[in-house]
Amino acid sequence: MGKNTKNQRMVRLLPGLAICLLVIWAGIYGADLIGAALGAIGLLPEGGKSPVSGIFVAILIGILIRNTIGLPEIFISGVSFAVKYALRIGIILLGLRLSLTEALTLGAWGLPLIVACITVGIGVTLFFTKLLGQSNRLGALIANGTGICGVTAIMATAPVIRAKENEISYAIANITVFGLLGMLFYPYLAHFFFADEPIKAGLFLGTAIHDTAQVTGAALMYEQMYGSTLALDVATITKLTRNLFIIAVIPLIAYLFFRSEGQGGGTMPKWYKLFPFFILGFLLLSFLRTVGDATLASGGQAFGIFGAAGWEEFYSFWSSFGSTYMLGLAMAGVGLSTNLKIFRGMGLKPFYIGLIAAISVGAVSLLLISLFGDLVQLAA
């Protein structure tokens, strides 16, 4: 019975995963067509690369499908699986691209920037929530979503502060719309300010955009358009480091909320329920890469099995599989999951708060990276 149930669940996922795969393929093909069309009319040099990435086009195709013909129920489970689990698998596999030392070094040197952006995001959000007369619960949700890790932080905070359904919807809509805009346009902004400086570009994408999926999508776009795998790696590490703050910040926001409301503290979830465990998977594969490189250098074979060419082929294949297929599926799922109907009837004040918070975090990130980004580059 258990085996049959498991098989039935797998079968339910297939239609949604299939449409995600079709959307990402259509996105890649569509980006190539745009490049060819621009080349044909002389706006691109012959053989020039398309100015848009396949990820960008795939997300737009997904949004168009969801908000015109709609997404039938048969596809929902697979699309949700792609956004949640394919994303995590893809990020874990990216761990093979970096040694553990490199990953921890980049994460540690990015900490001051991450703390500054989280602080600004939360402080600005709570200030303007009070100024515009919106509920403290809504402000707390938008603050955590903007400052830490998007929808995940909102859903983790909501039961703690007893948020209402419409407040949760408002907060998620904020993160969705401004994070999506950041995902689509910040790669161009990053290249404008930090061309030929991939570490700075990655730091910006990892701190200025809200949700993990949105950061990943922006970093993939940057990699595809400007050929910088380092920017993708740095953005991923920066975002994963930022995600860890969910453990400390949610209790802090809950404390501030209950103090302002004059209520007793709510029931906090256990710390391990807040911890994003896929970060451990990323670090584990980074450790695997580190040990493989070390054994190759000392004994001529990685783990006593792979020669230099075989080891490189192994980690390159699986990291590319993660970035190309798993993250590609997730990004198609992001587009297919974006239902613009959620924004109806919300009023403008919650969007003003989200807009100001998003601009503030992006501006602080740009300023601090411009001033101090060279220190991180030297450390890396």
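What is the volume of the largest cavity? In this predicted model, the largest cavity has a volume of about 30 Å³, and the structure holds one cavity of 30 Å³ or more.

**Stop 1: the cavity**

Select Ile91, Thr212, Val215, Thr216, Ala235, Thr236, Lys239 and Leu240, which line the largest cavity. Two elements, helix H10 (212-226) and helix H11 (229-243), each give two or more residues to this lining. The largest share belongs to H11, with four residues. By class, the lining comprises four nonpolar residues, three polar and one charged.

**Stop 2: the second largest pocket**

Proceed next to the second largest pocket, which holds about 340 Å³ of space. Of its 21 lining residues, select Ile28, Gly54, Ile55, Gln224 and Thr324, which lie nearest the centre. Helix H1 (2-40), helix H2 (54-67), H10 and helix H15 (308-337) each supply at least two residues of the lining, and the largest share, six residues, comes from H1. The lining has eleven nonpolar, seven polar and three charged residues.

**Stop 3: the salt bridges**

Side chains of opposite charge can pair when their charged atoms come close. The structure holds five salt bridges, three of which are visited here.

Begin with Arg97 and Glu223, whose side chains meet at 3.5 Å, N to O. This pair links distant parts of the chain: Arg97 is in the loop between helix H3 (73-94) and helix H4 (100-109), whereas Glu223 is in helix H10, 126 residues apart. Both residues are buried.

Select Lys200 and Glu197 next; their closest N and O atoms are 3.1 Å apart in a salt bridge. Lys200 has a relative accessible area of 5% and is therefore buried, while Glu197, at 23%, is partly exposed.

Then display Arg289 and Asp293, a salt bridge in which the closest N and O atoms are 3.0 Å apart. Because these two residues are four residues apart in helix H14 (residues 278-299), about one helical turn separates them. Arg289 counts as buried at 12% relative accessibility, and Asp293 counts as partly exposed at 26%. To see a network, add Asp233 to the selection: salt bridges that share partners join Arg97, Glu223 and Asp233.

**Stop 4: the nonpolar surface patch**

Finally, select Trp109, Leu367, Leu371, Phe372 and Leu375, which form a nonpolar patch on the surface with about 540 Å² of accessible area together. Which helix gives the most to the nonpolar patch? Helix H16 (residues 349-379) does, with four residues. Leu371 lies in helix H16. Its relative accessibility is 54%, so Leu371 counts as exposed.

Conventions: Residues numbered from 1 in each chain as written. Predicted model: local features only at pLDDT ≥ 70, side-chain atom pairs only at ≥ 80, totals over all residues. Heavy atoms only, no water. Patch = residues over 30% accessible without salt bridge, like charges linked within 9 Å, V, L, I, M, F, W, Y side chains within 5 Å. Areas by Shrake-Rupley, 256 points an atom, 1.4 Å probe, with all protein chains shown as cover. Salt bridge = Lys/Arg side-chain N within 4 Å of Asp/Glu carboxyl O. Buried < 20%, exposed > 50% of the residue type's maximum accessible area, 1.4 Å probe, protein only. 1 Å grid on protein atoms, 1.4 Å probe; cavity = no way out; pocket = protein on both sides within 12 Å on 5 of 7 lines; lining within 4 Å. Points joined across faces, edges and corners; volume = space filled by probe spheres on them. Nonpolar A, V, L, I, M, F, W, Y, C, P; charged D, E, K, R; others polar.
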